[in-house]
Amino acid sequence: MNASAHVITADLLRDLARDLLTAARVPSGAAEVVAGSLVEADLAGHGSHGVRRIVPYLGQIDAGVIRPGAVPEVVSRRGATAVVSGRRGFGQPAARLAAAEAAALAAAHGVGVVAIRECNHVGRLGEYAEALARQGLIAQIVGNADPTVAPYGGHRRMLGTNPMAWAVPRAGGAAVVMDWATAAMAEGKLGLLRAAGSPAPEGVVVDPEGRPSTDPADFYRGGALLPFGGHKGYGLSVLIELVGGLLTGTGTACSPEYDGTFGTVVTAVDVTAFVPLDDYVAQVESFCEALRASGPGVVVPGEPEAGTRAERLKEGIPVPAPVWAELTGLASRLGVPWPDMPPGG
């Protein structure tokens, strides 16, 4: 654990995050959902989607991008499909509503597909995919975002980081979970590297002139992220633009019609429409066991996050010093009591 980090329990961090949001006039219900989602990301080890997002979220409120009092709702249903409007409020409540609607549609029809329009950043897609898998469903979620990624062979910002998540149920309420950006690195993770003064890996960033760079600052000076896996990540990102962007009315990231939000499509599949759930889960477990037995370093997607979550629930969440300092300053400005907690504890 980083000795310069401030280690804090999940419950206290959740309370502090909620208090910062409510002090910024976010309604209590939305503040609870958003704070809970951010801390769940920190518990899973994905600080890029954790409490470091609070300061930029509040900046988006001040800029009129996020309408904190907006309440999402289902605006249309047709067969196994539905559309949710986030009303340009926080994305997390909209994503929760869409996941619940997709589950209900899957129960009725065997599959449910829900598009979320007027949706701001929803946090970590894996949170919602995993929640669906814990209900015995197979989940797939995609979302298109603002243009930060160059197409394969180019250097201009044309695509979003465009994450995708899959999850399938495992025994005991666990899940196989895949959740990552189609960019070589999520922008939030690049931001953490910049804050820490660390270089980016090769193949992640090009500078404003299109030259390869390992300096995260080159991205923020007008460079671009690159897709992961060359043409393969690029192809996935293009399809997410065409599904997440166009089915939601958000638009593709580089088009004049792009509305600046996060076009998200949630799909849930009822396993029992095809095979008995117990049989399916048993075969999933058998496959996972075979994968782990194939080599000493093999893990199944979702297991690293589950292990990190268990460890951090026991030992606390390490909040990097730059993030802690930013939140401390915000608490001072908002008049929120803040613990005097030295690094390492």
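This report describes a sheet in a predicted model, the helices that pack on it, and one residue in strand β11.

**The sheet**

An open sheet is built from 7 strands, in the order β2-β3-β4-β11-β5-β6-β7, with mixed pairing. Its edge strands are β2 (73–78) and β7 (175–181), each of which pairs on one side only. On average, neighbouring strands are turned by 15° against each other, direction ignored. Strands of a sheet pair through backbone hydrogen bonds, either parallel or antiparallel.

Strand β6 (residues 163–169) pairs with β7 in the antiparallel sense, over 7 bridges. Within this pair, Ala 165 is opposite Asp 179 of β7.

**The helices**

Two helices are set out below with their angles to β6.

| Helix | Residues | Strands touched or crossed | Angle to β6 |
|---|---|---|---|
| α5 | 125–133 | β5 (137–144), β6, β7, β11 (263–270) | about 20° |
| α9 | 277–293 | β5, β6, β7 | about 110° |

Helix α5 lies across its strands, and helix α9 packs on the sheet.

**Val 266**

Val 266 is located in strand β11, which has β4 and β5 beside it in the sheet order. This residue counts as buried because its relative accessible area is 2%, and the cut-off for buried is under 20%. Leaving out residues up to four places away in sequence, Val 266 touches Ala 98, Ala 99, Ala 102, Gly 112, Val 113, Val 114, Ile 116, Leu 132, Gln 140 and Ile 141. Pro 276 is 10 residues from Val 266 along the chain, and their C-alpha atoms are separated by 23 Å.

Terms used. Residues numbered from 1 in each chain as written. Predicted model: local features only at pLDDT ≥ 70, side-chain atom pairs only at ≥ 80, totals over all residues. Heavy atoms only, no water. Pairing = 2+ DSSP bridges. Helix = DSSP H or I, 4+ residues; strand = E, 2+ residues; numbered from the N terminus. Axes fitted to C-alpha atoms, helices over the stretch in contact; angles between N-to-C directions. Contact = heavy atoms within 4.5 Å. Buried < 20%, exposed > 50% of the residue type's maximum accessible area, 1.4 Å probe, protein only.
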